[in-house]
Amino acid sequence: MSNLDIAIVGEINLDLILYGLPEPMPTERELLATGFTITLGSSSAILAHNLAALGSRVGFITKVGDDSFGTLAMERLCERGVDLTRVAHGAKSGVTLILPHGPQRHILTYPGTISELRFEDLDLDYLASARHFHMSSLFLQRELLPHVPELFRRMKSAGLTTSLDTNDDPDDRWGEVLDEILPHVDILLPNEREAMKMSRAGDLETALSRLSQKVETVVVKMGASGASAVREARRFTAPAVPVTVIDPIGAGDSFDAGFLHQFLRGADLTTCLAYGNLCGAFSVTACGGTEAFRDAARMQEFLRQHDAISALTPPAS
Ligand SMILES: Nc1ncnc2c1ncn2[C@@H]1O[C@H](COP(=O)(O)OP(=O)(O)OP(=O)(O)O)[C@@H](O)[C@H]1O
Ligand SMILES: [Mg+2]
């Protein structure tokens with residue numbers, strides 16, 4: 001038996017971020033960036049990293065490429081103490097190239113092992129030994145996707161609570177597999193656009209009303225406007241924490257980390273939302289999705305500055 005708070009199944013890859021490139025980008029020209037970061041990317045791995053940085057005990061099953069990008073990505077999770085004992089191995093790591101141009105960005109992904117994780121790769125007893133089960137980036141899991149309803153069903157029947165952040169569907173289909181998964185999800189964590197897409201609603205209120213008929217707690221992330229949630233027909237909202245934005249990459253995953261960290265400690269929904277906003281805001285103060293959380297002293301200082309919340313939950317040192 002493990003002593004995991006949360007087991008996460010999902011993808012891992014590095015993000016290569018080139019800042020300051022012009023848009024549009026002509027071909028056959030040498031275009032010079034003004035900044036470059038190579039950092040742990042991928043929604044699932046960012047969540048695993050930041051949850052562990054906050055002090056949750058995290059187990060992560062993913063498929064990693066047997067190459068130097070895969071090794072570096074794993075090192076970043078190892079540094080935070082994420083349990084990687086059940087990780088599967090594949091040939092070639094995926095990678096994401098991000099080119100921010102002001103508020104707009106190009107995002108180019110080679111999937112590699114990201115989409116190769118299979119149901120047979122999962123140690124179900126290990127997953128079921130955690131208290132909570134989570135998946136991110138549902139639609140990138142091409143091999144696993146048909147088995148995801150069964151996976152969630154098994155986790156629920158083993159007594160775990162569950163959560164899902166679908167992120168975007170690159171095919172923009174939001175197919176019926178989601179209808180099979182949602183009855184086994186306790187907490188759904190979309191952003192506004194995703195909430196409307198998956199419920200086929202034209203506005204957020206209709207989306208919330210439709211989704212909350214299927215899922216006990218629906219949490220919608222709204223960027224600089226904070227977050228909103230519906231549980232048992234009650235609406236909760238929490239404002240964003242004002243910060244100077246360096247890089248919005250990974251804000252949603254960092255929100256999930258803050259929210260779930262509090263949920264796992266038994267906090268009420270208001271506290272979960274506030275802590276989600278706090279961690280989302282902290283993430284945007286540095287490059288990529290995990291760089292802010294790698295600096296434990298800075299993280300503790302940021303959380304302390306907002307001590308109405310952090311007094312409840314001293315972060316792990
Ligand atoms: N400019 C900002 N200022 C303060 N907080 C922010 C800002 N942008 C995002 N956040 C925080 O991060 C949370 C998640 O951001 P967002 O709504 O962009 O999620 P997302 O679209 O899922 O992001 P991602 O692209 O990482 O998947 C917000 O609910 C908010 O708490
Ligand atoms: Mg997101």
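These legends accompany a set of close-up views of a predicted model.

**View 1. The largest nonpolar core and its best-connected residues.** Let us start inside the protein. This core has 85 residues. Those with the most contacts inside it are Ile 6, Ala 48, Leu 51, Val 58, Leu 188, Val 218 and Val 219. Helix H9, residues 269-283, gives the most to this core, with 9 residues. If you pick out Val 219, leaving aside its neighbours within four places in sequence, you will find it in contact with Ile 187, Leu 188, Leu 189, Ala 227, Ala 229 and Phe 259.

**View 2. The shell around ligand 1.** Here 22 residues surround the ligand, and the closest are Asn 191, Lys 221, Ala 251, Gly 252 and Gly 280. Sorted by class, the shell has 12 nonpolar, 8 polar and 2 charged residues. Helices H8 (251-264) and H9 each supply at least two residues. The largest share, 4 residues, comes from H8.

**View 3. Gly 252 in helix H8.** This glycine is among the residues closest to ligand 1. Is Gly 252 buried or exposed? With 26 other C-beta atoms within 10 Å, Gly 252 is buried. Not counting residues up to four places away in sequence, Gly 252 touches Asp 165, Asn 191 and Lys 221; Asn 191 and Lys 221 are also listed among the closest residues to ligand 1. For a sense of scale, the C-alpha atoms of Gly 252 and Pro 242, 10 residues apart along the chain, are separated by 16 Å.

**View 4. An open sheet of 4 strands with a helix packed on it.** The strands follow the order S3-S2-S7-S8, and the pairing is mixed. Strands S3 (35-41) and S8 (104-110) stand at the edges with a single partner strand each, so one side of each is left without a neighbour in the sheet. On average, neighbouring strands are turned by 20 degrees against each other, direction ignored. Helix H2, residues 68-80, packs on the sheet and touches S2, S3 and S7, while its direction makes about 95 degrees with that of S2. Zooming in on one pair, S2 (residues 13-19) and S7 (residues 95-101) run parallel and are joined by 4 bridges. In S7, Ile 98 is the bridge partner of Ile 17.

**View 5. The hairpin of S13 and S14.** Strands S13 (residues 227-231) and S14 (residues 234-238) run antiparallel and are joined by 5 bridges. Arg 231 stands opposite Arg 234 in S14. The hairpin has 2 residues between the strands, and Glu 232 takes a positive phi near 45 degrees there. Glu 232 is exposed, with 8 other C-beta atoms within 10 Å.

**View 6. Backbone geometry at Ser 137 and at the bond between Glu 23 and Pro 24.** Most residues other than glycine have a negative phi, and most peptide bonds are trans. Ser 137 has a positive phi, near 50 degrees. Ser 137 is found in the loop between strand S9 (132-136) and helix H4 (148-157), and is buried, with 21 other C-beta atoms within 10 Å. A cis peptide bond joins Glu 23 and Pro 24, with omega about 5 degrees. Pro 24 has its place in the loop between S2 and S3.

**View 7. Thr 85 in the loop between H2 and strand S6 (88-90).** Thr 85 counts as exposed, with 10 C-beta neighbours inside 10 Å. The C-alpha atoms of Thr 85 and Gly 59 are separated by 8.1 Å, although the two are 26 residues apart along the chain.

Definitions and conventions. Residues are numbered from 1 along each chain as its sequence is written. Chains are lettered from A and ligands numbered from 1 in the order in which they are written. This is a predicted model: local features need pLDDT of at least 70, side-chain atom pairs count only at pLDDT 80 or more; totals for chains, interfaces and linings use all residues. A nonpolar core is a set of buried Ala, Val, Leu, Ile, Met, Phe, Trp, Tyr and Cys residues joined through C-beta atoms within 7 Å. A residue is buried if 20 or more other C-beta atoms lie within 10 Å of its own, exposed if 12 or fewer, and partly exposed in between; C-beta atoms are placed from the backbone. Two residues are in contact if their C-beta atoms, placed from the backbone, lie within 7 Å. A residue is near a molecule or strand if its C-beta atom, placed from the backbone, lies within 6 Å of it. Ala, Val, Leu, Ile, Met, Phe, Trp, Tyr, Cys and Pro count as nonpolar, Asp, Glu, Lys and Arg as charged, and the others, Gly among them, as polar. Two strands pair if DSSP finds at least two bridges between them. Axes are lines fitted to C-alpha atoms, for helices over the stretch in contact, and angles run from 0 to 180 degrees between N-to-C directions.
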